[in-house]
Every structure is written in structure tokens, then in C-alpha cells.
Amino acid sequence: MAKNRRQAPGEPPRPNLEKMAAALEETKGTRAKHAPASESRINKQAQDALNSLYLCSCEKYHGTVFGRVGHSDLYGVYQGRAFYIEGKRGVRERHDIRLSQINFLESKRLCGAIVGIYTSAEEAVQIVASYGEYDGGFALIRDRNRRKAE
């Protein structure tokens, strides 16, 4: 049963670590090319990119059971103007925004804040730096949900 090593009778065979290491080395990096980035990674990248802008302070909202429902992922101030932006993993997921998130962003937009939905750090910077002129498709999603409600 066992080759060149002692194994107790009835013990399951030990894995071949050399074969496992070789298989891991062959597939190294292939999963990252096909799997989309997680939302938390996108949020972290966007937060770092926004904090590198001149006169920009960005924070990540960490929700709790006592927090507000629908609060956006990132919020902060850019050159004296508040912003609230929601991160999503991909273009398809951008349309899967919850009604509570739409209502939260809309309430902040009506108060004069920059709002939007981003799928990458570059898009987050574009939303904030354009002072809300580019919103990542938020207006289309908001209007679509209004029509559904009518």
C-alpha cells in the first residue's frame, strides 16, 4: 500500500504532496483570469483611488444591524461636495441594485450629493471627478424602477 514510508494498518493513503504542488503550479493564475473580482476588492481599489485625488476623502461604509438600509458602499467629500457611490461586481450586477439602495442614492442626489454606481476603480473616479455628470447608469436604473412601480 505505502511506498517508502511507514503507514499504520487501516490508515487512509496519504496524499502525494509533490503531485499536488506540481498540479497547483500548472494552474497557478488561471482562475484569476476568468473569475470576476469580488465586490470588496473593487471597493478597496476604488477607495484607494479616490483617496489619492486632490482634496478627496473617501470612507467605506460598514453596515450593521443598527445602520441604515441601502447605504452606499463608499461615501465622502470631493472638493467640498459630498458623494455616495455604490459598487457592483459587473455590468449585469449593476442592474441588480436593490430598491433600498436606489432610494438612498436618490435621496442623496436630491440633497445635492454626487451619486453613482461603479464596477471598477476607474469608473468610481470618473463618477466623482465629473461631479455627477457621469453616474454609471444610475439615472437609467432609477427611471426603470419608477416605471415598474407605476
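# Worked exercises: contacts in a predicted model

Glutamate 86 is buried, and lysine 88 is buried too. Keep in mind that this is a predicted model. Let's start with that pair and work outwards.

## Exercise 1: a charged pair

**Task.** Work out what joins the side chains of glutamate 86 and lysine 88.

**Solution.**
- Step 1: check the burial. Glutamate 86 and lysine 88 both count as buried.
- Step 2: check the distance. The N to O separation between the two side chains is 3.9 Å, and the cut-off for a salt bridge is 4 Å.
- Step 3: conclude. The side chains of glutamate 86 and lysine 88 meet in a salt bridge. The structure holds five salt bridges.

## Exercise 2: one helix, two charges

**Task.** Find where lysine 44 and aspartate 48 lie, and say how their side chains meet.

**Solution.**
- Step 1: place the residues. Helix H3, which covers residues 39-51, contains both lysine 44 and aspartate 48.
- Step 2: look at the spacing. They are four residues apart, about one turn of the helix.
- Step 3: read off the contact. Their side chains form a salt bridge, with 3.2 Å from N to O.
- Step 4: add the exposure. Lysine 44 has a relative accessible area of 46%, so it is partly exposed. Aspartate 48 is partly exposed as well, at 42%.

## Exercise 3: a network

**Task.** Which residues are linked with Arg142 in a network of salt bridges?

**Solution.**
- Step 1: take one link. Between arginine 142 and aspartate 143, the closest N and O atoms are 3.4 Å apart, and the two residues form a salt bridge.
- Step 2: compare the partners. Arginine 142 is buried at 11% relative accessible area, whereas aspartate 143, at 27%, is partly exposed.
- Step 3: widen the view. Glu106, Arg109 and Asp143 are linked with Arg142 in the network.

## Exercise 4: two cysteines

**Task.** Explain why cysteine 56 and cysteine 58 do not form a bond.

**Solution.**
- Step 1: find the partner. The closest cysteine sulfur to that of cysteine 56 belongs to cysteine 58, 6.1 Å away.
- Step 2: apply the cut-off. A disulfide needs sulfur atoms within 2.5 Å, so the 6.1 Å gap is too far for a bond.
- Step 3: turn it around. Cysteine 58 has cysteine 56 as its nearest cysteine sulfur and is in no disulfide. The count for the structure is zero disulfides.
- Step 4: check the burial. Cysteine 56 is buried at 11% relative accessibility, and cysteine 58 is buried at 1%.

## Exercise 5: strands around E2

**Task.** Describe how strand E2 pairs with E1 and E3, and sort the side chains of E2 by face.

**Solution.**
- Step 1: take E1. Strand E1 (residues 56-60) runs antiparallel to E2, and five bridges join them. Lysine 60 stands opposite leucine 74 of E2.
- Step 2: take E3. E2 and strand E3 (residues 81-87) are also joined by five bridges and run antiparallel. Here glycine 76 is opposite phenylalanine 83 of E3.
- Step 3: look at the turn. Two residues sit between the strands in the hairpin of E2 and E3, where glutamine 79 takes a positive phi near 50°.
- Step 4: sort the faces. Side chains alternate along E2 (residues 74-78): Leu74, Gly76 and Tyr78 point to one face and are buried, while Tyr75 and Val77 point to the other and are not buried.

## Exercise 6: rings

**Task.** Classify the ring pair of tyrosine 78 and tyrosine 131, then that of tyrosine 84 and phenylalanine 104.

**Solution.**
- Step 1: count. The structure has three aromatic pairs.
- Step 2: classify the tyrosine pair. The ring centres of tyrosine 78 and tyrosine 131 are 5.5 Å apart with planes at 45°, so this pair is tilted.
- Step 3: locate that pair. Tyrosine 78 belongs to strand E2 and tyrosine 131 to the loop between helix H6 (121-129) and helix H7 (138-149), so the pair ties together parts 53 residues apart in sequence. Tyrosine 78 is buried, at 10%, and tyrosine 131 is partly exposed, at 32%.
- Step 4: classify the other pair. Tyrosine 84 and phenylalanine 104 are 5.6 Å centre to centre with 80° between the planes, an edge-to-face pair. Tyrosine 84 is in strand E3 and phenylalanine 104 in helix H5 (residues 99-110), 20 residues apart. Both are buried.
- Step 5: add the neighbours. Tyr75 joins Tyr84 and Phe104 in one aromatic cluster. Over the ring of tyrosine 84 sits the charged end of lysine 108, 5.3 Å from the ring's centre.

Methods. Residues numbered from 1 in each chain as written. Predicted model: local features only at pLDDT ≥ 70, side-chain atom pairs only at ≥ 80, totals over all residues. Heavy atoms only, no water. Buried < 20%, exposed > 50% of the residue type's maximum accessible area, 1.4 Å probe, protein only. Pairing = 2+ DSSP bridges. Phe/Tyr/Trp six-rings, centres within 6.5 Å; stacked < 30°, edge-to-face > 60°. Lys NZ or Arg CZ within 6 Å of the ring centre and 35° of its normal.
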